[in-house]
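Subject: Handing over the structure, with notes

Dear colleague,

Please find below the sequence and structure that I promised to pass on. My notes follow directly after, arranged so that you can read them beside the model.

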Amino acid sequence: MATNNMTINGHNKVETSSTNYLDLNGDLDGFLEPPKGFATLAIHAGQEPEQWKSMAVVPPISLSTTFKQFAPAKHSGFEYSRSGNPTRNVLETCLASLDNGKHALTFSSGLGATTCILTSLKTGDHIIAGDDLYGGTNRLFRNLALPMGIEVDFIDYTHLNVVEKFIKPNTKLMWLESPTNPLMKVCDIKALATLAHKYEGVVVVVDNTFLTPYLQRPLDLGADIVAYSLTKYMNGHSDVVMGAMVMNDEKLYDRLKFLQNSTGIVPSPFDCYQVNRSLKTLDIRMEKHKRNSMIIAKYLEGHPMVEKVLHPGLKSHPQYDIALRQTGGHSGCFSFYIKGDYESSCLFLKTLEVFTLAESLGGYESLAELPSVMTHASVPAEQRSQLGITDNLIRVSVGLEDPEDLIQDLENAFTAIKKLQAASYLEINGDLDVFLPPPKGFATRAIRAGQDPEQWKSLAIVPPISMSTTFKQHAPAQHGGFEYSRSGNPTRNVLEECLASIEGAKYGLTFSSGLGVTTCILTLLKSGDHIIAGDDLYGGTNRLFRNVAVSMGIEVDFIDFCDLEAVEKSIKPNTKMMWLETPTNPLLKICDIKALSTIAHKYPEVFVVVDNTFMTPYLQRPLELGADIVAYSLTKYMNGHSDVVMGAATINDEKLYERLKYLQNATGIVPSPFDCYQVNRSLKTLDIRMEKHKKNAMIIAKYLEAHPMVEKVLHPGLKSHPQYDIALRQTGGHSGVFSFYIKGDYEASSLLLKTLKLFTLAESLGGYESLAEIPSVMTHASVPPEQRAQLGITDNLVRISVGLEDVEDLIQDLESAFIVVKKHASK
């Protein structure tokens, strides 16, 4: 799929001089620390492989509506999917754990959760609700609760002395949001809960949608129920509508569990799977949302076209002190008043291009809206006026794009209303890292490239899944770009365009697996051709070259690409392809891509393929270093959630692309549209995932390098690595996968891996979960024993894929396993 260089609003990006150096580190200080062990809980709580007969590391999707019983009314915990479902249980367990709660329930939407709580009341009961609420909640209370004979008072929770005056003998529910929507008032949850609990029977519900349990834990502050629209930050990908509530009280849980089943307000298992999948990146997403929104808020606060910014992380916020002691900072959603009227607001919003004009919030993409006529249009006009929800109040949901691009987009919109003098308030942090800086605009491309809503009649912001195998034609052999799904598919096109863009390539192609890519590239060759391949390759690639390429009459030589002199000597008149991995697998050798490409291109018919699976284009860009094709197992870091098998290739040369495109169709090595959707979804968090993989892996590598039971660590980011200097000039650092030699034999390495709890003993790599394996008997078992011995792939070589868990927990897991190995060795 071809792609063009991206522009923002049709403008070339301009450099603007900073008029105010913004030190964000200081602005984010003073808030609560993140909950200890949060990432580990998000990845492991409720996910135990032992609950499935298959021992699946990623919980399967159980779509069955009914379940076999041992005898009449004797079942294993499941009877009918509305009453309970294994996939839903996984999610609910994980949600409860993240909120430090005992119980969780999920619902078909956020308002579905609110409706369920409402049905726990009866005629004559009384609700106290915040005056500044999500419009849908306000509408539900006014149009459903009131006709049911339930009294509702809407009050300002920031005035504690007023709140108690509204509590009556029949008050049963105190419902609050903090921060409120859209005015961002911060309510003192602890004080309000203390006040409410002076009166028997008053249940305190806190809608924590804006902050998630990563930034605020209302149960710890005294709330009885925490409610969520999981649609927003918890799912974070704008492709699931769902709600939840978390609680500690068993009687309350039993009552609401009964109502969940009785009312039938339940989510689908597939949606539960998606949200559970998204929770694995919640902490790193929230950190970037928090940082991005603070940058944008500070920029807007100093802007001459902005009247006021409502962001709880700013010191100018009236409840800033409460936010400091109650939260871990603020998320990506906040509001501001533009200087102007409805016409100015509309023009501003319509001019934005990176910020999409749409309702909702909390996704990876940035959104902007006008609450007075959109999310809060159902709030009575007099109440909107009284609160300050005016036509010049704009609410933004700051996504995960590069903040420079977001500010550029806002600048362009302000320019469009002819009232702005250009200024930049973006902090550019000095990069102390010795590796290459991240590619400029990477996150924005990952989120926006190929995703244009205009390509769909519905103007869907998230590209739909096109499952159709065939497409209507205007006339015989005259189609709109698609005829048969193997030959081309709209969902596949979206992914291929995005992949090409983040690689800085012209073309992208996807395949049914990583080895499928290799197979397709192999079919470019013919009998009598010659391949030079790295001696230290993924076992599957080694096997394919030895058992398939050779049988096709293709010669293959496996050489050490670190020896440039030996490389040139191995090139023959019939050499057609140079295939390398860097870093290599599993020995993590670094090959000089630029030098190897220069050697290869002395010979016109030789093309260079670099398997960049370990690094992704975020950390290494082989095309810019001279490679002709970049190959990926998208299964690994690019998808990053261990639930899709897929491969890809990116290319600049048009003739090479056309040949591979033809072979993609002719060989039929194509991925499913659903899998393409999943990988496209995962790319939206690629940069923040890779940053945490990189950081976690470096910490663990240093820990292992100093460990008395470790012989040697093979990590390209360590100064002890033999090709460290090449890594410095060629990469943006290293990812999460590396190897080390344990002091001992197979028995020692095997015991170490079997003892690990957080590191799962499994093949593959690049997922959110940490994995560990012994290459000699697992991923590289198919490599001939003599080659393994020559390379150093011995039985005491352990390869680990460091995930996104809290690094302290991973080190503790390794330390506990080393202790067991040491005790065993001393017997």
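The protein chain is divided into domain 1 (38–279), domain 2 (283–416), domain 3 (442–684) and domain 4 (685–825), the bounds being taken from an automatic or database domain assignment. Please keep in mind that this is a predicted model, in which local features need pLDDT of at least 70 and side-chain atom pairs count only at pLDDT 80 or more, while totals for chains, interfaces and linings use all residues. Residues are numbered from 1 along each chain as its sequence is written, and side-chain values use heavy atoms, with hydrogens and water left out.

I begin with domain 1 and domain 4, whose centres, taken over C-alpha atoms, are separated by 39 Å. In the interface, 9 residues of domain 1 are in contact with 11 residues of domain 4, contact meaning heavy atoms within 4.5 Å. The two domains bury about 870 Å² between them, 65% of it on carbon and sulfur atoms; buried area here is the accessible area (1.4 Å probe) that two parts lose on being put together, summed over both. On the side of domain 1, Thr 40, Ile 43 and His 44 supply 51% of the area buried against domain 4, more than any other three residues. Between these domains there are 5 residue pairs in polar contact, both residues being at pLDDT 80 or more; a polar contact is a pair of N or O atoms within 3.5 Å, where within protein one must be able to donate a hydrogen and the other to accept it, and residues adjacent in sequence count only if both atoms are side-chain atoms. The largest share of the domain 1 side that touches domain 4, 5 residues, comes from helix H2 (residues 38–44); helices (H or I, at least four residues) and strands (E, at least two) are DSSP runs, numbered from the N terminus. Salt bridges, in which a side-chain nitrogen of Lys or Arg lies within 4 Å of a carboxyl oxygen of Asp or Glu, number 0 across this interface.

The structure as a whole nevertheless holds 30 salt bridges. In one of them Asp 239 pairs with Arg 681, the closest N and O atoms being 2.3 Å apart. Asp 239 lies in the loop between strand S6 (225–229) and strand S7 (243–247) and Arg 681 in helix H24 (residues 673–683), so this pair ties together parts that are 442 residues apart in sequence. Arg 681 is buried, with a relative accessible area of 3%, whereas Asp 239 is partly exposed at 21% (buried means under 20% relative accessible area, exposed over 50%, and partly exposed in between, with a 1.4 Å probe and protein chains only). A salt bridge within one helix is that of Lys 694 with Glu 691 at 3.4 Å between the closest N and O atoms, both residues lying in helix H25 (residues 686–705), 3 residues apart, about one turn of the helix.

Turning to the interior, the largest nonpolar core has 65 residues, of which Leu 230, Leu 300, Phe 334, Phe 336 and Phe 348 touch the most other members; such a core is a set of buried Ala, Val, Leu, Ile, Met, Phe, Trp, Tyr and Cys residues joined through side-chain atoms within 4.5 Å. Its largest share, 8 residues, comes from helix H11 (residues 282–301). Domain 1 and domain 2 both give residues to this core, so it lies between them. A second, separate core of 64 residues includes Leu 499, Leu 587, Leu 718 and Ile 742.

Three further places may repay a look in the viewer. Helix H18 (residues 514–522) is largely enclosed by the rest of the structure, because 7 of its 9 residues are buried, and its N-terminal end is capped by Ser 513, a side-chain oxygen of which lies 3.5 Å from the backbone nitrogen of Leu 515. Ser 178, placed in the loop between strand S4 (171–177) and helix H7 (189–196), is buried with a relative accessible area of 2%, and its side chain reaches the backbone nitrogen of Cys 187 at 2.9 Å. His 530, in strand S14 (residues 530–534), is buried with a relative accessible area of 0%, and the residues that it touches include Glu 555, Asp 557, Lys 572 and Met 577, not counting residues up to four places away in sequence.

With best wishes
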